[in-house]
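Welcome! Take a moment to look over the sequence and the 3D view, and then we can walk through a few parts together.

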Amino acid sequence: MSGIHIEGLRKQFPDGTVAVEHLDLEIADGELFVLLGPSGCGKTTTLRCIAGLEHQTSGDVRIGDQLVNGRRAGERDIAMVFQFYALYPHLTARDNIAFPLRAQKVATSEVERRVAASAEMLKITDLLDRKPSRLSGGEQQRIALARALVRAPQAFLMDEPLTNLDAELRIDMRTEIKHLQAELGTTMVYVTHDQVEAMSLGDRIGIMNGGRLEQVGAPLDVYRNPATLFTAGFIGTPPMNLFDVAVDGPALVGPGGLRLPRPADATGTGLVAGVRAEWLGIAGPDGDGASGQVVATESLGDETIYVVDVADQRLSVREPPTAQWRDGDAVTVHHFARFEPRVYDGDTGRLLGADPAPAQAMRAPGDAAPGPTTTDPARSGADAGTA
Amino acid sequence: MSAIDLDGVSKAFGDTQAVDDLSLHVDDGAFFVLLGPSGAGKTTTLRLIAGLETPDDGSVSFDGRPADGAAPSARDLAMVFQSYALYPKQTAGENIASPLRARRIDADAADQQVHEVASLLRIDHLLDRHPQQLSGGEQQRVALGRALVREPRAFLMDEPLTNLDVKLRVEMRTELTRLHRTLGATFLYVTNDQAEAMSMADQVAVIDHGRLQQVGTPADIYDRPANRFVATFIGAQRMNLLDCELRDGQLRGETGWQVPVPSTASVTGGRYQLGVRPEDLALTTDSTDATLVGAVYAVEPLGDRCLVDVEVGQDLVRVKAAPDADPAVGEPVRLAVDVDRVHVFDSESGLAVRGEEPAAVRVEASN
């Protein structure tokens, strides 16, 4: 097992497209690292450069202490799982799983032992004699995972492996992958465009946009302290509310006169506030807040997300299922004093008072997060009561 | 605009009973969602309503008048599919106008209608582009625009958001509900995604194996599922089910936990399953009877909550915990059950066991 170290990675395709502009990344040994971003952000190209399926234009990739730049995929001792299962249709599940071991001429008794062990781990022992056509999508994906596991590689590389599965199965498989990775302790790099999947799986997440890393951090850190407006608008269901604010003494004033506590770093003009849906609340039209109108209701059973139009700005507000506002209701929106909004420079899109991104990108998970994250109640868990 | 009724509709393809004795009432102006897993018979139901399939049995009516073999075009319905099926050589504007041209509507009037629809869908600025210059979400809006421009009596939508990425799908939900409210038209919407159903529908009909499982508002089916299928299909996080036995007024599990029988449930001795949603469990340090004891299997921090999977005996139980909960994998934990929020299912039939059925819930069939 080993960590993965990427320095100055750049990938330009022959047609001139630059898929990865510049990427520095340190993935620790045994870490489950998720590369997250919209399609075209460069995440899959990065993964393929790690795998050796693409060769970078410049920069270095190290797996463990080995520089692997010139090596082909087969010489890197990594296992890949793709969003399609790529099983051999004429082989049974057992033979599919055993395939990479037989290709490496591993002794028959050892092959049997390892196939049995990985099948048991993935709970597919009773499916081993079936061919892929007789397996469901989820079962086929388990076989593909078992085939990756059986080799005990240096690292697993996963490219949206759950995309083809239906919603329910995706949630189950997510749990299984997370549990498996923790049990095996093998480094894993997992690519997805689904931020929920990224949050639930990753020890850390690297958010990519336009061929660059926007932010690297633990899921809760990325959720609470998005380093850029892009990350703020990408992470979370719903994503952060983002709106222009002006300084007014100790407060910030947003749409419809919505008042927020002003963090010390928030001074000057051109400020954009980032506010999570659970940092806002709704009251009746006479309440002490910014007046607006409910324009959409998403009732999710265990909670309801209201979209409220406040002075032409749409604000998402997370409420318990007992809240009974209806579309069209006149309401007021207030910000809970115990949370401090994140404030961004509207021009650069960067969080005010945060470390510059490169330092974040290089920080390995063992290093403690920097000091200021614990001084703010919103960052230290005082929001537990709203769950 | 119109109400839609299905009365005892059945349809088989060879040996497969796609739709089995289905009766439904869709109110005029409702946002009605047909929800079920793939193969449940939802799309066939939609095609039967559209006149693209003919029922073996039963009838489809619009505003109380049976459609009896009326051709799809005579039913005045607009369909929106998962694939956008736009004409690649026409601009977005021409695509939207195509149903009007087919009806020989005067060019100025058509142009005005196209612009009205485009502004409703916020695609005014895209009207001169060709489909390949549009993103998936924009193409789907154009396809919607083409359906809207006709002002049909009802819109039938077959998983129209499936091909969009997650973020766009969530945005489009809000757009569709806004559209529905603005138009006041009947929307009949097919999906396998319960979050879409929960977030958009006035009424949801849950279908499995061609049979109606339950009809109700999203809150009805979430809070009072009629059977195990509905209970586990609805909800972003699947309801936990735990085998148990009724003895001395307590539901008792294999690992020794016990939960008092809910006052609303009329049960006699026998085998049951306790159903508990992840948000009705909490990590606790108290040691009362109504707790489950297990070991942490996986932890998923999602920001606004933390999902913790706990191995309780043979079962994996999912708990929605506070955002900062961060138990270590393997750590022993206790889970408090909110005994007022539990569900009880008959092990054999899968039916919810309940004392008195709230009037709002229509239980039409069981699995």
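## A small pairing to begin with

Let us start in chain B, where B:Ser61 has B:Pro66 of strand 5 as its bridge partner. Keep in mind as you look that this is a predicted model. The pairing belongs to strand 4 (residues 57-62) and strand 5 of chain B, which are joined in the antiparallel sense over 2 bridges.

These strands are part of an open sheet of 4 strands in chain B, arranged in the order 2-1-4-5 with antiparallel pairing. Which strands sit at the edges? They are strand 2 (16-26) and strand 5 (65-66) of chain B, each of which pairs on one side only. Helix 1 (residues 42-50) of chain B lies across strand 1 (4-13), strand 2 and strand 4 of chain B, and runs at about 60° to strand 2.

## A covered helix

Next, find helix 2 (residues 92-102) of chain B. Its buried residues are B:Ala92, B:Gly93, B:Asn95, B:Ile96 and B:Ala97. What covers these buried residues? The cover includes helix 3 (107-120) and helix 4 (136-148) of chain B. After helix 2 of chain B comes B:Arg104, which has a positive phi, near 60°.

## A strand with two partners

Further along chain B is strand 14 (residues 270-276), which is mostly covered, with 5 of its 7 residues buried. Strand 14 of chain B pairs with strand 11 (residues 240-247) of chain B in the antiparallel sense over 7 bridges. Within that pairing, B:Gly275 of strand 14 is the bridge partner of B:Leu241.

Strand 14 of chain B is also joined by 4 bridges to strand 20 (residues 343-346) of chain B, and the two run antiparallel. Here B:Leu274 is matched with B:Val344 of strand 20 as its bridge partner.

## Chain A and the meeting of the chains

Chain A is divided into domain 1 (4-224) and domain 2 (243-351). Taken over C-alpha atoms, the centres of these two domains of chain A are separated by 39 Å.

How many residues does each chain bring to the contact? Chain A gives 32 residues and chain B gives 37 residues. On the side of chain A that touches chain B, at least two residues each come from helix 5 (167-184), helix 6 (195-201), helix 7 (219-224) and strand 16 (290-299) of chain A. Helix 5 of chain A gives the most to this side, with 6 residues. By type, the residues on the side of chain A that touches chain B divide into 13 nonpolar, 9 polar and 10 charged.

Key
Residues are numbered from 1 along each chain as its sequence is written. Chains are lettered from A and ligands numbered from 1 in the order in which they are written. This is a predicted model: local features need pLDDT of at least 70, side-chain atom pairs count only at pLDDT 80 or more; totals for chains, interfaces and linings use all residues. A residue is buried if 20 or more other C-beta atoms lie within 10 Å of its own, exposed if 12 or fewer, and partly exposed in between; C-beta atoms are placed from the backbone. Two strands pair if DSSP finds at least two bridges between them. Two residues are in contact if their C-beta atoms, placed from the backbone, lie within 7 Å. Domain bounds come from an automatic or database domain assignment. Ala, Val, Leu, Ile, Met, Phe, Trp, Tyr, Cys and Pro count as nonpolar, Asp, Glu, Lys and Arg as charged, and the others, Gly among them, as polar. Axes are lines fitted to C-alpha atoms, for helices over the stretch in contact, and angles run from 0 to 180 degrees between N-to-C directions.
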